[in-house]
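Hi,

Here is the structure we talked about. Please open it and keep it beside you while you read my notes below.

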Protein chains: 4
Amino acid sequence: MSTSDWLHTDIGATTADTITIRGRDLAGELMGRVTFTELAFLLVQGREPGPGETRLLDAVLVSLADHGLTPTVLAARLTHTGAPESLQGAVAAGLLGAGSVFLGVVEDAAVFLGEIVRAAGPDTDADLERAAGDAVAARLAAGRRIPGLGHPIHKAEDPRTPRMYAIAAEAGVLGANLRALELVAAAAAERSGRALPINGAGAAGAALADLGFDPAIVRGFALLARTAGVVAHLAEEMRHPIGMPLFRELDERLSAEER
Amino acid sequence: MSTSDWLHTDIGATTADTITIRGRDLAGELMGRVTFTELAFLLVQGREPGPGETRLLDAVLVSLADHGLTPTVLAARLTHTGAPESLQGAVAAGLLGAGSVFLGVVEDAAVFLGEIVRAAGPDTDADLERAAGDAVAARLAAGRRIPGLGHPIHKAEDPRTPRMYAIAAEAGVLGANLRALELVAAAAAERSGRALPINGAGAAGAALADLGFDPAIVRGFALLARTAGVVAHLAEEMRHPIGMPLFRELDERLSAEER
Amino acid sequence: MSTSDWLHTDIGATTADTITIRGRDLAGELMGRVTFTELAFLLVQGREPGPGETRLLDAVLVSLADHGLTPTVLAARLTHTGAPESLQGAVAAGLLGAGSVFLGVVEDAAVFLGEIVRAAGPDTDADLERAAGDAVAARLAAGRRIPGLGHPIHKAEDPRTPRMYAIAAEAGVLGANLRALELVAAAAAERSGRALPINGAGAAGAALADLGFDPAIVRGFALLARTAGVVAHLAEEMRHPIGMPLFRELDERLSAEER
Amino acid sequence: MSTSDWLHTDIGATTADTITIRGRDLAGELMGRVTFTELAFLLVQGREPGPGETRLLDAVLVSLADHGLTPTVLAARLTHTGAPESLQGAVAAGLLGAGSVFLGVVEDAAVFLGEIVRAAGPDTDADLERAAGDAVAARLAAGRRIPGLGHPIHKAEDPRTPRMYAIAAEAGVLGANLRALELVAAAAAERSGRALPINGAGAAGAALADLGFDPAIVRGFALLARTAGVVAHLAEEMRHPIGMPLFRELDERLSAEER
C-alpha cells in the first residue's frame, strides 16, 4: 500500500497510545490547559492564540451564538419534531440556513476588508483611509451594498459593535480590518449622506480577519458559534416543544382558509 | 394577533436596542466577560457555570473536537469538493455522521450512568457500587455491551480518561456519574474476567452528566466540539485538497478493476 | 496502485465513452426507454421491474410525495429563507426531519411484516393468519403499537390504503406483505376491540416489501418521494415566501408577549 | 386565530377525508393514474405534462441519477458508516455536495440559455443564432467558461447529449433552449477554434428549461434524480460497505507516512 502526496493532514493523528492535535499530545498537553476557544484557534491556524487573541475570539463567538427564534432555529426545531432520534440531523438543519442572508455578512465583510487592507499595503492610517474610500466609492457606483453596515432591527446602533471594538482595544488586538471597517462606515456616510451603523456581523468578520483567519473560513466560526445556540434550542424543544404546536396552528389556519 | 402559550423561549430575545441571552444583556454583560464555553453552558442550563465546571466542560470539548481523518471529516471534505460555495453544507455533512457508531457512546454512557445514579439514590458509595454492579450484571446477562468501556485503537488505556478524572478531581467537580463509571468498569472486569479501559467518549458522557446536562442533550456537546474540528479540516481542504484526489484515485482503481 | 476487494460497486461506472448503470449503457439502453421509477427500481435491485411492479412503485411514490405544509416542508422553506443560494441545503433540511415520527412507519411496517412473512414460511393463508395473530398478540402484550395502523387525521379510513390494495391487485403484484397487513389489522381489531384503519404509510411499506425491497432501504423510497414534494415547495417559496413572514409574525408575537 | 395572506400554498392540503395535490384527489385521481415523474412535474408546475413532456423529463432524470462512486456518493456512504440508524442523514449528506462543481452546470446552462432565448424574442432561428453568438462573445471576452460545454472525461462527445436531442425531437418537445444550446456550441467552436461537446448536464438544463421550469428550480430535478442514485448506493453500502474499509485504509496509509 503506497502513501500519496495528497494524503496528508497537519491537524491531527491517532495511534494506539496517543491522540495528537497540531503536534501536541491531546491528553497530556491540551486537556485541562487550553480552553475550547483556544483549541478552535489552534486547530485552524496551527498555533496557539495569545491571551488578547483568545479574549477577542471568545467575544466574537459569544456575539454570534444566539439571536432567539430565528429561521434557522425554527428549522432545527421542526426537524427535531419529525426525527427526535437524530440530534445531529436537527443540528445540521439548523446550520444549513446559515447562508448568505444572515451569516453571509461575516464572510462578505472579511473579504471586502481584506481587499482594502491589501490595497493599503503595509498600513499607515492615511493609506487605509484612501483604500477604504476607493472601495466604498466603487461599491456605491456599482449600486451594491457595503458589507457590514446597517441592520434591519438595530437601526441606530448595533449594541455589539462598540463592545467588540472596546474589547479588541483593551486586549491589544485591534487590527487593520477593524480599523478599515470604521473608515468604511465614515466614507459611506459621507458619500451617501446617510450614516449606517456597523452591524455586529460585520464587526465579527473584521475581528476574525484581524485574528488572522482567512476570509474563506470566517463563516466557519459563525457556524461554530451558532451550533451552541442550536443545541440550546433543541434542549429546550425537548421540554417545551414549539415545532409540533407551530405546525398544528398553521395547519388549522390553512384549513380555516380553505373553508 | 394573539400570543400562544407554546410560543415561548427562555433562551433569548432581540429588540431594537438589545440582544438578551438568558436574561443577560449580550453586549453589556456577556461579551468580554464570559468565554464561549461558559456561554454554551449558560445557553443550555440557564445558569452560569462555576470555575470548576467551566474547566471540566472545556476539557470535555477539547477531548472530543478532533480525531484526524475520520469518516465524518472525509464526508465533510468530499462535500466541499462538490459544493465549495456552501461552507455550511460541508459542515452539516460533517455532523450528520456523528451518530451511533462513533459519538453515540457519549450519550449511551450518560443514559446508562444516569439510571445507575438514580437507582443508587442520594448517593453513598456503597449504594452506587451495588447499583453499578446490578446494571452491569443485567447488561451482560442480556448479552449487551457496557457503554463507555473498550476502544478499537486504545486497547490498554484511552489516554483521555485518566486526564479527565484528574481534571474533574482538581476542579472539585468529580460527581456521581464519573464515580459510577469507574465502578462500572470494575464490576465489568470482575464479572467478565476481562478488564476493558474506560474510553474517552464514555468519560466525556459521564463528565457532561456530572455537569448537570440531561443525557438527551449531551450528544449536542459532542457535535459542538466536532464542529471546531470539521471547520479546521475544511480550512485545510481549501489549501490542500484531499476530496478530489481521493475521488480520482478511487476512480482509477475502479477502472483498473474493470479491465 | 492496487485494487482492493472492498472497492467495488455493482451500480455503475463511467469511462471516457460510456456511462453504465447496472450493466446497461445509460445513453443507448436506458434514456428514452425506462422511466425514472423503473430506473430507481433497477438502481436498487439490479433488475428491471415488470409492468405491474412499476405501476405499484409509481403508486407508492405518488402516495408519499407530498402532504402539504408539514414540519419538514416548513424546515426546508425556513432554510431557504437564510440560504437561498444553496438549493441543495434546503432540500437536505427538508429530508432530515423525515425520521421516526412521520416516515418511520413505512420502515417499521416493512420490518414487522417481514418477520410475520418469514415466520409463516412458504405462505399459505392459514400460516400467514396465524403468524399475524401471534405477532399482534406479542406486540399488544408488550404494550406496543402495531406499525401501520391508525392515523391522527384519517381516523376512519386513510383514502390511500384501499387504492393501494386495488392497484396492487389489478397489477397482479399483491403479495404476502400486503396480505399480512390486512390480517394484522383484523387481528388487532379482534383482540383490542377497536378497529384501526391501515394507514397509507403502512400500506406503502408493505407494498415496497412486496416489491422485493429490503426493509432497511424502504425509507429511501419515502425520501425519494418527499424530495419531489420539497422541491415543489421550494419553487413556490421562491415566488410566494412563507419562511420570512412566518419568522416575522412569530417574532412580533414573542415581542408582544415580552411586554 | 386569524388567517394571513402569506400563509398559503397551492401545492396541496390534507383533511380528515382527503389528501389533495394541486386540486386533484391523491387517492382517487392520482395514484394508479400518473407516474412519479408526472407527479413531480405537476407538483412544481401545477399542470400535468403531456406525453412528450413526460418522456423528456424521464430522460433527464434517468440521465442525472447516477455516475458511480462520485464524491457525493462517497460522502453519503461515509455518513452511513458513522450513523447507520439515520438513513435520511446519509441521503442528505449525499445531496449537500451537489453544488457548483458538478450539478451547478444544469442550473448555469438553464440561466445562460434563458437569457439568450429572452434576448432573441418570439424566436426565429436567425434571432436565436444572433443572440447565442452575442452571448458567447460576451462570455469569451470576459474570460468566462460557456456553461454546458466540455466534460473532464467525455472529451469528444458526451453520450447522453445526442440521445437527449433525439428523444426531445421524437417527443415533439425540442424547444428554444435546446436549440440555443446547439447554436451556443457552434458559436463557441467558431470563435475559440476549439470544438467542445455539449455535456449531459448542459443538455439536461436546456431540456428542463424547455419543459417550462424556472432556471432557479432546475437544480431541484438534478437533486431528485441524485436521490435515487444515493439511495441505491446506501442499499449496497449496507451489504458491501465501502465507508469503513476506505477509512481504515486511509488511516493505515497515514500512519505509515508518519513513521
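Is D:Arg33 buried, partly exposed or exposed? D:Arg33 is partly exposed, because its relative accessible area is 47% and the partly exposed class falls between 20% and 50%. Keep in mind that this is a predicted model.

Now the partner. The side chain of D:Arg33 meets that of D:Glu48 in a salt bridge, 2.9 Å from N to O. D:Glu48 sits in the loop between helix H2 (36-45) and helix H3 (51-64) of chain D, and D:Arg33 in the loop between helix H1 (26-30) and H2, so the pair ties together parts that are 15 residues apart in sequence. D:Glu48 is partly exposed too, at 26% relative accessibility.

Next, chain C. C:Glu48 forms a salt bridge with C:Arg33, with the closest N and O atoms 2.9 Å apart. C:Glu48 also meets C:Arg24 in a salt bridge, at 2.7 Å. That second pair links distant parts of the chain: C:Arg24 is in strand S3 (residues 24-25), 24 residues apart from C:Glu48. C:Glu48 is partly exposed at 26%, and C:Arg33 is partly exposed at 49%.

Over all chains, the structure holds 48 salt bridges. One network links A:Glu249, A:Arg253, C:Glu249 and C:Arg253.

Last, the symmetry. A turn of 180° with a shift of 0.0 Å along the axis lays chain B on chain A, with an RMSD of 0.0 Å. That is the relation of a two-fold axis. In chain B, the C-alpha nearest the axis belongs to B:Ala92, 2.3 Å from it. The same surface serves both copies: 100% of the contact residues of chain B recur in chain A.

Best wishes

How values were computed. Residues are numbered from 1 along each chain as its sequence is written. Chains are lettered from A and ligands numbered from 1 in the order in which they are written. This is a predicted model: local features need pLDDT of at least 70, side-chain atom pairs count only at pLDDT 80 or more; totals for chains, interfaces and linings use all residues. Side-chain values use heavy atoms; hydrogens and water are left out. Copies are superposed by least squares on the C-alpha atoms of residues with pLDDT of at least 70 in both. Contact means heavy atoms within 4.5 Å. A salt bridge is a side-chain nitrogen of Lys or Arg within 4 Å of a carboxyl oxygen of Asp or Glu. Helices (H or I, at least four residues) and strands (E, at least two) are DSSP runs, numbered from the N terminus. Buried means under 20% relative accessible area, exposed over 50%, partly exposed in between (1.4 Å probe, protein chains only).
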